[in-house]
Amino acid sequence: MNRRARQRLIIAAAVAAAVLAAVLVVVLNRSQNTPQPTGNPIASDVGAKIRTQGATLSAEVITPKGHGPFPLIVMPAAWGPPATVYHAIGTQFARVGYQIVAYAQRGFGGSTGKVDFAGGGSQHDASD
């Protein structure tokens with residue numbers, strides 16, 4: 001990978017991390033200021049396999065109670081951990097009404113496929 005491509009990848013990763021952190025702060029603040037429903041506000045929390053181009057991704061799908069459609073948050077795990085690495089954060093998002101799909105990157109954490117570190121396969125995985 002040339003220097004310019006590496007710089008772009010680092011910048012993209014930093015921007016993605018900043019956006020995720022900002023969303024997390026807003027959602028957690030909202031959940032602390034909103035009366036929490038009694039009982040379990042999550043309809044389901046299940047493991048899933050998502051078939052993509054050249055891989056099968058190990059995933060966790062957390063669905064809030066209520067009538068959708070719910071806004072979707074897709075949470076790819078860092079390279080290495082399983083899909084459940086963001087379980088606590090995903091549960092917080094689901095409690096305030098977001099549909100969560102967290103998955104292990106291709107080649108890691110129970111997902112199949114060739115590791116390509118933000119290459120074409122990984123880019124398609126997020127939309128699949």
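Leaving out residues up to four places away in sequence, which residues does G97 touch? I will start there, and the answer is P64, F70 and P71, where touching, or contact, means heavy atoms within 4.5 Å. Before going further, I should say that this is a predicted model, in which local features need pLDDT of at least 70 and side-chain atom pairs count only at pLDDT 80 or more, while totals for chains, interfaces and linings use all residues. Residues are numbered from 1 along each chain as its sequence is written, and side-chain values use heavy atoms, with hydrogens and water left out.

Let me place G97 in the chain. The chain holds three helices and four strands, and these are DSSP runs numbered from the N terminus, with helices being H or I of at least four residues and strands being E of at least two. Read from the N terminus, the elements follow the order α-β-β-β-α-β-α, and G97 sits in the loop between α2 and β4. The C-alpha atom of G97 is separated by 8.8 Å from that of I42, although these positions lie 55 residues apart along the chain. For the chain as a whole, among contacts with a separation of 6 or more, 61% are between residues 24 or more positions apart.

Now to the sheet. Strands of a sheet pair through backbone hydrogen bonds, either parallel or antiparallel. Here four strands form an open sheet in the order β1-β2-β4-β3, with mixed pairing, and two strands count as paired if DSSP finds at least two bridges between them. The edge strands, each pairing on one side only, are β1 (42–52) and β3. On average, neighbouring strands of this sheet are turned by 20 degrees against each other, direction ignored.

Which strand is joined to β4 by four bridges and runs antiparallel to it? That is β2, residues 55–64, and within this pairing I62 has I100 as its bridge partner, while E60 has A102. On the other hand, β3 runs parallel to β4 and is joined to it by five bridges, with L72 partnered by Q99 and V74 by V101. Between β3 and β4 the chain crosses through α2, and this β-α-β crossover is right-handed, a term that applies if, with the strands pointing away from the viewer, the path from the first strand over the helix to the second runs clockwise.

The helices come next. Helix α2 lies across β1, β2, β3 and β4, and runs at about 40 degrees to β2; the axes are lines fitted to C-alpha atoms, for helices over the stretch in contact, and angles run from 0 to 180 degrees between N-to-C directions. Helix α3 also packs on the sheet, touching β1, β2, β3 and β4, and its direction makes about 155 degrees with that of β4.

Let us turn to what is covered. Buried means under 20% relative accessible area, exposed means over 50%, and partly exposed is in between, using a 1.4 Å probe and protein chains only. Of the 128 residues in the chain, 30% count as buried, and in β4 five of five residues are buried. In that strand Q99, V101 and Y103 point one way, whereas I100 and A102 point the other way. Along β3 the side chains alternate as well, but there I73 and M75 point to one face and are buried, while L72, V74 and P76 point to the other and are not.

How many residues make up the largest nonpolar core? There are ten in all, including I42, I62, I73, M75, F93, Y98 and I100, and such a core is a set of buried Ala, Val, Leu, Ile, Met, Phe, Trp, Tyr and Cys residues joined through side-chain atoms within 4.5 Å. A second, separate core has seven residues, among them L57, A59, V61 and V101.

I will finish with the rings. The structure holds three aromatic pairs, meaning that rings of Phe, Tyr and Trp (its six-membered ring) have centres within 6.5 Å, with planes under 30 degrees apart called stacked, over 60 edge-to-face and the rest tilted. F93 and Y98 are both buried, and they form an edge-to-face pair at 5.8 Å centre to centre, with 75 degrees between the planes. Elsewhere, ring pairs link W79, F108 and F117 into a cluster.
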